[in-house]
Amino acid sequence: MNLKKQFMEGLITQNPVLVQVLGMCSTMAITTSFFNGLGMGISVLVILTLSNVIIAAMRKIIPDKIRIAMFIVVIAGFVTCVDLIIQAFVPALSESLGVFIPLIVVNCIILGRAEAFSYKNGIAASFWDGIFQGFGYTVVLLIMCIIREFLGAGTILGGLLEIGEDGQLAFGLGTAAGIQVLPEQFPIGMLTLPVGGFLVLGCLIALMQWALAKTKK
């Protein structure tokens, strides 16, 4: 088990979004505010890590013919738990993300790591794979959120912070409008729409591929 290699794969060389191109729907749909990206990223990281551990622990007793069905059952159990916890403690996040939390059950990132890694490796390696792959996914979400929110709405940290009427920073979990950085006439509103998600994601993928190709040379 090489933790440094696993970390670099999750963050860069095998990044689930920018290299493996998995989980595109949620990546483009919810990255309009920092709060959404952080919530979705942490949810996927937790579910991916726990699913990896359970699948790795059961891999020797799971019949090969029903492994995919078994993966979905395990993942669905953790998704249900995380969804209920979010509804109970962070209802604003549950309302904002909507159907994309339940859809984690069929998220290609989690199913892909279950098939490609945890079904073939031990518990410890699968645990760290879930942590690092989830971290890489979360980092990309946050980068996209920052770019789309800043250029599309002129704000930063939307859903977490805002400047109150008294001029002081106010914290609001899911209710804060964000800190206005650009004047309202300057932002490119198109970037907060679905087409903006495609544009930003395409640029990030192109930048990552250029960097990887340059590193190889």
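What is the volume of the second largest pocket? The second largest pocket has a volume of about 180 Å³. The model is predicted. This briefing covers two pockets, two cysteines and one asparagine.

**Largest pocket**

- The space in the largest pocket comes to about 240 Å³.
- Its lining has 13 residues, and those closest to the centre are G39, I42, S43, I86 and L93.
- Two elements each give two or more residues to this lining: helix 3 (34-58) and helix 4 (67-89).
- Helix 3 gives the most, with six residues.
- By class, the lining of the largest pocket divides into eleven nonpolar and two polar residues, with no charged ones.

**Second largest pocket**

- Residues L22, G23, M24, C25, S26 and M40 help line the second largest pocket.
- F100, L103, I104, V106, N107 and C108 are also in the lining of this pocket.
- Helix 2 (residues 24-29) supplies the largest share of the lining, three residues.
- The lining of the second largest pocket counts nine nonpolar residues, three polar residues and no charged residues.

**Cysteines**

- The structure has zero disulfides.
- C25 is in no disulfide, and its nearest cysteine sulfur, that of C108, is 7.9 Å away.
- A disulfide needs the two sulfur atoms within 2.5 Å, so C25 and C108 do not form one at 7.9 Å.
- C25 is exposed, at a relative accessible area of 61%.
- C108 is likewise in no disulfide, and C108 is partly exposed, at a relative accessible area of 44%.
- Both C25 and C108 appear in the lining of the second largest pocket.

**N15**

- N15 sits in the loop between helix 1 (3-13) and helix 2.
- Is N15 buried or exposed? N15 counts as buried, with 1% relative accessibility.
- The cut-off for buried is under 20% relative accessible area, so N15 at 1% falls in that class.
- The N15 side chain reaches two backbone atoms. One is the backbone oxygen of G10, at 3.4 Å. Another is the backbone nitrogen of V17, at 3.0 Å.
- Neighbours within four places in sequence aside, N15 is in contact with E9, G10, Q20, G136 and V140.
- G10 thus appears twice for N15: its backbone oxygen is reached by the N15 side chain, and G10 is listed among the contacts of N15.

Terms used: Residues numbered from 1 in each chain as written. Predicted model: local features only at pLDDT ≥ 70, side-chain atom pairs only at ≥ 80, totals over all residues. Heavy atoms only, no water. 1 Å grid on protein atoms, 1.4 Å probe; cavity = no way out; pocket = protein on both sides within 12 Å on 5 of 7 lines; lining within 4 Å. Points joined across faces, edges and corners; volume = space filled by probe spheres on them. Helix = DSSP H or I, 4+ residues; strand = E, 2+ residues; numbered from the N terminus. Nonpolar A, V, L, I, M, F, W, Y, C, P; charged D, E, K, R; others polar. Buried < 20%, exposed > 50% of the residue type's maximum accessible area, 1.4 Å probe, protein only. Polar contact = N/O pair within 3.5 Å; in protein donor to acceptor, adjacent residues only side chain to side chain. Contact = heavy atoms within 4.5 Å.
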